[in-house]
Amino acid sequence: MVGKMSELERAAERLRRARRVVAFTGAGVSAESGVPTFRGAGGLWEGRPVEEVATPQGFAADPVRVWRFYDERRCNLARCRPNPAHEVLARWQDRFPAYTLVTQNVDGLHEDAGARAVLHLHGSIWALRCTACGRERVERAAPLPELPPRCTGCGEMERPGVVWFGEYLPEEALRAASRAAAATEVLIVVGTSAVVYPAAGLVQTAAAAGAVVIEVNPEASALAHLADVELRGPAGVLLPQLDTLLTAVSA
Ligand code: NAD
Ligand code: ZN
């Protein structure tokens, strides 16, 4: 217990002095909101083979099957609320002079907690993109009235606005995230197994540039060896504790 307290204190100390901070989140930050994580599912995505529902090939083979899967996920997510970890990470935008929040999540819970500028490396499940003309729109209705949904411009079929395995990441978001990681003083990595690239490369970028890396995760991630401070436990508990320490007047 003493060890845990001192790790928290160490993390708070690094953050107290920092002006440039990057927070990098994965599915674990939403676990306490009731969103299932991906890891440990043995190659399945919420019970479905990954290649069936999370690849362009799977979509080409059976778009309605893929849409049924995403529509169900959207319905489940529509009932989820941000947890205290999302709230702290949103509040930090007003604490640090330069703060960048980067997420691999598609659930939108950072924004629901009030985060204003989130870099989405893997898109958003609330975005729909036309397969013909590329027009994108945000649609929160769940369930969707019609599957597959159709483009409001040209009438062709839309696809989920998420990044599937084998696809490129949105160029601008990735570039902005890489730039922030390369220049940051502290990178706090929350709830990611850090095995999905190129997103996980942000941790290496920051560490190589000399940033202090703080990991918040009940388990050691694949990149835990790069962490200077390891906070082992649920983000919804540890981040509020860290925030309280930060907020306390420092001697
Ligand atoms: P992951 O499922 O591979 O890893 C989740 C990590 O969170 C694990 O390391 C686990 O130990 C940790 N974790 C579990 N509970 C936690 C808690 N309460 N607090 C802190 N950490 C906790 O997720 P990933 O690394 O994001 O990569 C999987 C891919 O799947 C990503 O590309 C992501 O886009 C996608 N995905 C997104 C969502 C979402 O939007 N919420 C959900 C599942 C998967
Ligand atoms: Zn269109």
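## Exercises on two sheets and a helix pair

**Exercise 1.** Which residues is His122 in contact with, leaving aside its neighbours within four places in sequence?

*Solution.* Start with the contact list: His122 touches Thr103, Gln104, Val106, Gly161, Val162, Val163, Leu169, Val196 and Ala199, leaving aside neighbours within four places in sequence. Contact here means heavy atoms within 4.5 Å.

Some housekeeping: this is a predicted model, where local features need pLDDT of at least 70 and side-chain atom pairs count only at pLDDT 80 or more, while totals for chains, interfaces and linings use all residues. Residues are numbered from 1 along each chain as its sequence is written, chains are lettered from A and ligands numbered from 1 in the order in which they are written, and side-chain values use heavy atoms, with hydrogens and water left out.

Next, place the residue: His122 sits in the loop between β5 (118-120) and β6. Helices (H or I, at least four residues) and strands (E, at least two) are DSSP runs, numbered from the N terminus. Last step: with a relative accessible area of 12%, His122 is buried. The cut-offs are under 20% relative accessible area for buried, over 50% for exposed, and partly exposed in between (1.4 Å probe, protein chains only).

**Exercise 2.** Work out how enclosed strand β6 is, and which strands it pairs with.

*Solution.* Burial first: seven of the eight residues of β6 (residues 123-130) are buried, so the strand is largely enclosed by the rest of the structure.

Now the partners. Two strands pair if DSSP finds at least two bridges between them. With β8 (residues 158-162), β6 has four bridges in the antiparallel sense; there, Cys130 has Glu158 as its bridge partner. With β7 (residues 136-138), β6 has three bridges, again antiparallel, and Ala127 is matched with Val138. Five residues lie between the strands of the β6 and β7 hairpin, and Gly134 takes a positive phi near 85° there.

Put it together: three strands make an open, antiparallel sheet in the order β7-β6-β8. β7 and β8 are at the edges with a single partner strand each, so one side of each is left without a neighbour in the sheet. From one strand to the next, the twist averages 40°. Helix α4 (residues 63-78) packs on this sheet, touching β6 and β8, and its direction makes about 140° with that of β6. Axes are lines fitted to C-alpha atoms, for helices over the stretch in contact, and angles run from 0 to 180 degrees between N-to-C directions.

**Exercise 3.** Lay out the six-stranded sheet and the helices packed on it.

*Solution.* Write down the order: β5-β4-β1-β9-β10-β11, an open sheet with parallel pairing. The edge strands are β5 and β11 (229-231), each pairing on one side only. The twist averages 20° from one strand to the next.

Zoom in on one pair: β1 (residues 20-25) and β9 (residues 186-190) share five bridges in the parallel sense, with Ala23 opposite Ile188.

Then add the helices. α7 lies across β1, β4 (98-103) and β5, at about 120° to β5. Helix α9 (residues 235-247) packs on the sheet and touches β9, β10 (212-216) and β11, its direction making about 150° with that of β9.

**Exercise 4.** Describe how α7 and α8 pack against each other.

*Solution.* Two packed helices are described by the angle between their axes and the distance between the axes. For α7 (residues 171-183) and α8 (residues 201-208), the axes come within 7 Å and cross at roughly 30°. That makes α7 roughly parallel to α8. The bins are under 35 degrees for roughly parallel, over 145 for roughly antiparallel, 65 to 115 for roughly perpendicular, and oblique for the rest.

Handedness: α7 passes α8 in a right-handed crossing. A crossing is right-handed if the near helix is turned clockwise from the far one by less than a right angle, and left-handed if anticlockwise.

Finally, the residues: Ala177, Ser178, Ala181 and Ala182 of α7 meet Leu202, Thr205 and Ala206 of α8. The split is five nonpolar, two polar and no charged. Ala, Val, Leu, Ile, Met, Phe, Trp, Tyr, Cys and Pro count as nonpolar, Asp, Glu, Lys and Arg as charged, and the others, Gly among them, as polar.
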